[in-house]
Amino acid sequence: MIKLKQISKSFGRHQVLKNIDLAVAKGEVVVILGPSGSGKTTLLRCVNYLEKPGGGEIAIGDFKLDCRHARKKDIHQLRQKTAMVFQQYNLFRHKTALENVMEGLLIVKKLPKEEARKKSIALLEKVGLGAKLDAYPSQLSGGQQQRVGIARALALEPEVILFDEPTSALDPELVGEVLAVIRKIAKEGITMIVVTHEMGFARDVANHVVFMDGGVIVEEGTPTEVFNHPREERTKQFLKRITPELNYSI
Amino acid sequence: MGAPFDISYIFSFLPKLLTTLGTTLLIVGFSLLAGILVGFLVALPRLYKVPVLKTFAEIYISFFRGTPILIQLFLFYYGLPEILKLVHVDVTRAPVLFFVILTYGLHTGAFMSEMIRASVTAVDRGQVEAAYAAGMTSFQAFSRIVLPQALGIAVPVFSNLVIALLKDTSLAFTLGVMEMTGKAQTLGSISQHFIETYIALALIYLVISFTLEKLLLVAERRLLRHEVPGSPARKTFGLQKNGSYRRMIAQLGPGKGGGG
Amino acid sequence: MMKLDPSFIWTAFVQILSAIPTTLYITLVSVSAGLIIGIAVALIRIYKVPFLHPLATGYVTFIRGTPMLTHLLLIYFGLPMIIDGLAAHFGWGFRSVSIPMIGFAYIAFSITAGAYMSEVVRSGLLAVDRGQMEAAHAVGMTTSQALRRIVFPQALAAGLPNLSNSVIGMLHGSTLAFTVSVVDINAQAQIVASTNWKFFEAYLAAALIFWGLTFLIERATALIEKRINLYNRGGVI
């Protein structure tokens, strides 16, 4: 139900995305892997137009957007159907955890305040932050901030949540708590596209794994296919490099 | 030079000088309003990179930051009527205060626009992205996310600019405006107790500057209550934790670097 | 009011040029002396030197809270009183009348600059990571060696934009010297303006000269900045 057709993107002369096609079914968790510079984050950012694609089509359900003729209204609509969890959390710094989650509900969804509040509290409790409603981002640890970020994305009830390396800015000991929350919501059947370097997590949670390199999708399939029986040489090389502990003992 | 020092004159001059405090504050207040307005108008084309207008804005800022306020005062006082005469507008009868406020307004405006631009740019790009990702329009993202944060960042610079403006108004006497400094000179020459007058004058400026600074500090604390003090944990060379480093940098940044 | 005479702008420009050295002297003296005072005051405040520390803070607060004009007027009227008082008391031959007018400007503006410079120096020093000082101590340097060789160069790089702002501030502030009858660019413009009854043209010429001088200071700063910052190319800022 999410279909990317022939998405391309260039920064100056450098083509970062070369006609990417990708389909994500409802309730599916798609994990995108790839070395840095492979274009995976750019692809994710194209899906909600934080990067303007050079061409192609984005379809979510019945909604279709031709990237060559996107109007402001279309982009706005596209963004309302998606939500994003950022690598650097990007919580609104001048708002408390609760206000961060409520903001989109009040301003974009135009919910009445009391309803927005109730819903937001429930979501923050779900990510284990029921006790931190009134804390500002600067008073929260990275892991806590990212969990607020996830609650903020969930609140909008988007058709898809985009995760842009949600744990790579975190201290190692905080990665676990964030992954646990993502696992939990993945099980609830929320459609997600996740860019990550966490291989164990990808193997566990993904229904579908996409390996990108040099702006193209090199290989895709089920986690078992991609992790255990990679067909392409580039995929094998990458997996070997990123999971050295499987090959060497230190 | 003058009569022998007599401390009692300081106290007797204080109330006399304070009678003209209204004029000084009037100049500060109106120039400030004009300056904020001009500052926004000049900052916008630079923030949104509007061609041509952006160049005009840059020249404007460069001129008003690149020449002394004293020269600007004379330039506008003598020059504006002549230039307006070319388009058949007669301002020769306009009160001096009009020229004074106009000049200070335009002067502060140049600094204000730099302050506005710097504070808006200082808000993390990720904040806007998060707002867009949540489905906000660009106006919502600016008014609800960027502006409130930029305000907090701007206060220390703003505080510095207001105090600089207050001090700069001491030059209005050169055009014959009877504000505090003008009054002090009159009192000095009448009584020949120059030192005492100027001590009294300096004391009044000091108290006003101090009060303004404290008031704006309260405003800053309120606007930045979401930032844990010293949260970007940095160890500096400083052996003390006297005030925040960000504040000091901000005060010196696009502000006026002394003089005036 | 006379008619606008564009050609007189050039005439005034040429006549005002002769006053540029005076303006530059005042700026140079006040900036240099101000920098020395500023470094001393900044160190006193950072290291919280007993007794001197509150004095330094009071000095900076007073100067920054009052107009530069009042500093000049206080020195101009106050210093002779103090000097002549002391001279009479100790029987010195020196009298304040032998101080040239420009001397008052030098002294007053140096005092003004000192307070602003101390803030420039202080913020520059605070920008240097404490680890730098610790590392210098760790390789066996004394505190003064560490300050001179490690901390100050980095502080200079961090404080350069503020320093440049302050120099421009003092350049513009030097226009106040007319109040003690020193003929700087501004005073010369006044003379040219009133003798020819062409005020606008004269002040426009003066403004252009100041604009040019400010531009030069900014260019010079950019050049120095480029050189100094070689060591942290690709840094965070």
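# Chain B: helices, nonpolar patch and the side that touches chain C

Tyr48(B) is found in the loop that lies between H2 and H3 of chain B. The model is predicted, and in it Tyr48(B) is exposed, because its relative accessible area is 58%, which is over the 50% cut-off for that class. This residue belongs to a nonpolar patch on the surface of chain B, while another part of the chain's description concerns its contacts with chain C.

**Fold of chain B**

- Chain B holds 10 helices and zero strands, so that its elements, read from the N terminus on, follow the order α-α-α-α-α-α-α-α-α-α.
- Of the 260 residues in chain B, 55% are buried.
- When the contacts in chain B with a separation of 6 or more are considered, 79% of them join residues that stand 24 or more positions apart.
- The area that chain B exposes is about 11500 Å², and carbon and sulfur atoms supply 70% of this area.

**Nonpolar patch on the surface**

- The patch is formed by Ile36(B), Phe40(B), Leu44(B), Tyr48(B), Val50(B), Val52(B), Leu53(B) and Phe56(B), which together have about 750 Å² of accessible area.
- Two elements of chain B, helix H2 (21–47) and helix H3 (53–66), each give two or more residues to this nonpolar patch.
- H2(B) provides the largest share of the nonpolar patch, with three residues, whereas Tyr48(B), also a member of the patch, sits in the loop between H2 and H3 of chain B.

**Interface of chain B and chain C**

- On the side of chain B, 57 residues are in contact with 62 residues of chain C.
- Between chain B and chain C an area of about 5500 Å² is buried, and carbon and sulfur atoms give 71% of it.
- The rule finds zero salt bridges across the interface of chain B and chain C, while the count of residue pairs in polar contact between these two chains, with both residues at pLDDT 80 or more, is six.
- The elements of chain B that give two or more residues to the side touching chain C are H3, helix H4 (69–86), helix H7 (138–168), helix H8 (180–191), helix H9 (194–223) and helix H10 (245–252).
- Within the side of chain B that touches chain C, the largest share comes from H4(B), which contributes 10 residues.
- Helix H3 of chain B appears in both descriptions, since it gives two or more residues to the nonpolar patch and also two or more to the side that touches chain C.

Technical notes
Residues numbered from 1 in each chain as written. Chains lettered and ligands numbered in written order. Predicted model: local features only at pLDDT ≥ 70, side-chain atom pairs only at ≥ 80, totals over all residues. Heavy atoms only, no water. Helix = DSSP H or I, 4+ residues; strand = E, 2+ residues; numbered from the N terminus. Buried < 20%, exposed > 50% of the residue type's maximum accessible area, 1.4 Å probe, protein only. Contact = heavy atoms within 4.5 Å. Areas by Shrake-Rupley, 256 points an atom, 1.4 Å probe, with all protein chains shown as cover. Patch = residues over 30% accessible without salt bridge, like charges linked within 9 Å, V, L, I, M, F, W, Y side chains within 5 Å. Salt bridge = Lys/Arg side-chain N within 4 Å of Asp/Glu carboxyl O. Buried area = accessible area lost by both parts, 1.4 Å probe. Polar contact = N/O pair within 3.5 Å; in protein donor to acceptor, adjacent residues only side chain to side chain.
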